[in-house]
Amino acid sequence: MRYVLPLVLLLLAPTALLAQEEVGVGGGEDINIPVSPGLEQNTPGSLVELYEPYDDQVVGRVTIPDDKLGVLVQPEGRTWRAFRIQGLYYTAMTVILLTIALLGGFYLWRGTIKLESGRSGRWVPRFGSIERFAHWTTAISFLTLALTGLTVTFGRYLLIPILGHYTYTPLATAAKSLHNWSAIPFVIGLVLMLAVWIKDNIPSRADWLWIKKAGGMFERTGSFHPETARFNAGQKIIFWSVILGGTTLAISGYFLMAPFYFTGVSGMQIGHVIHSLSAVVMIAVILCHIYIGTLGMEGAFDAIGRGKVDENWAIEHHHGWYKAQVENGSTPVEQGTPPATDGANPT
Ligand code: HEM
């Protein structure tokens, strides 16, 4: 019996050597692995033949069907991990806080942009139900996606220290799941918005004048009202940012949802960097959009909230559009009482 084990080992030795050659362990080029200081005498020589450098990665060979498992060490993975854990956290935090601070500063300096001639009490229809449905589907799913995404980004350094692991774990799991599901209405809203608004968002010559004067937003007197069509250049910029940024987020997001289906490890890392940085930019853009649609401008929220705007708002902010509507008779002006809210100027 005591001779059995040595005998088996002796019989298996050639097979092991063969297998070693087949999977390439020891078959690759020699690499000079640095020996940890102090351990020199314990390390029998610094040349090991376990790894084979290839395209910036250290790969071995595997005989299982999943080739990517042969990547033993991926140097750029460290760069990505540093970005994921710290770079993204600080970038997102800085961009979001800076945007809020700038908007706050702008509000203190400029205040709410009032209607110069006050509210007329007559309403002009602005957005139909499909348009408002498209807007709110995109808006609600965007906010859900942003909040659930940031729950993941801000987990380690912000939320776990505040909430603790026991609360954060189910929160992160729910956020992840909600993030995936909200992707569906987001894309539906995006496609609908593109379909209903693209015709009003084609850039025109008049946009240039608006851009040169930044829409009069930096003139505290408020007397600059360029003749604009249904959407001004600022709104067109928001529209195209949402369409292009939203498409980038959707494509990179679905890419992340199907790990390794389209690409390998490096591709997944690039996809994640594109997704998370576009998210940060889009969150900043949407914060500005929310500001101007609520606190920043009197009467603006009515357009997308009620689907109609005060006649004076239409005249002051979109005169070209208002004139065209009245001329072709498609603007049934409706009488009503001006709302007393949102800092209205009832003169
Ligand atoms: C169709 C739309 C979208 C899809 C399919 C999608 C999908 C994904 C997926 C699969 C992840 C990885 C989650 C994980 O770590 O396991 C992710 C992360 C993330 N997403 Fe989205 N997403 C979409 C839209 C958005 C939007 C609109 C925003 C924000 C405005 C956003 C912000 C984020 C953020 C901040 C992260 C976390 C990045 C990180 O910290 O690693 N996503 N998304």
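Let's start with a shaky spot: over residues 340-347 the pLDDT stays under 50, and the model has 16 contacts for this stretch beyond four places in sequence. Here pLDDT is the predictor's confidence in each residue, from 0 to 100, and two residues are in contact if their C-beta atoms, placed from the backbone, lie within 7 Å. Residues are numbered from 1 along each chain as its sequence is written. This is a predicted model, in which local features need pLDDT of at least 70 and side-chain atom pairs count only at pLDDT 80 or more, while totals for chains, interfaces and linings use all residues.

The chain averages a pLDDT of 83, and 78% of the residues score at least 70. Residues 4-31 are another weak stretch: pLDDT is below 50 there, with 20 contacts in the model beyond near neighbours in sequence. Where pLDDT is low, the predicted coordinates should not be read in detail.

Now for the ligand. It is surrounded by 25 residues, and the closest are Gly-149, Thr-153, Ala-183, Gly-253 and Ala-279. A residue is near a molecule if its C-beta atom, placed from the backbone, lies within 6 Å of it. H2 (75-110), H3 (129-153), H5 (165-197), H7 (233-257) and H8 (265-293) each supply at least two residues of this shell, and H3 gives the most, with seven residues. These helices are DSSP runs (H or I, at least four residues), numbered from the N terminus.

Ala-279 also turns up in the largest nonpolar core, which has 16 residues; Ala-146, Ala-279 and Ile-283 have the most contacts inside it. Such a core is a set of buried Ala, Val, Leu, Ile, Met, Phe, Trp, Tyr and Cys residues joined through C-beta atoms within 7 Å. Buried means 20 or more other C-beta atoms within 10 Å of a residue's own, exposed means 12 or fewer, and partly exposed is in between, with C-beta atoms placed from the backbone. H2, H3, H5 and H8 give two or more residues to this core, and the largest share, five residues, comes from H3. Apart from it lies another core, of twelve residues, among them Trp-123 and Trp-313.

Finally, two loop residues have a positive phi without being glycine:

| Residue | Phi | Loop between |
|---|---|---|
| Ala-214 | near 50° | H6 (205-212) and H7 |
| Phe-260 | about 65° | H7 and H8 |

Most residues other than glycine have a negative phi. Ala-214 counts as exposed because it has 12 C-beta neighbours inside 10 Å, and Phe-260 is exposed too, with 11 other C-beta atoms within 10 Å.
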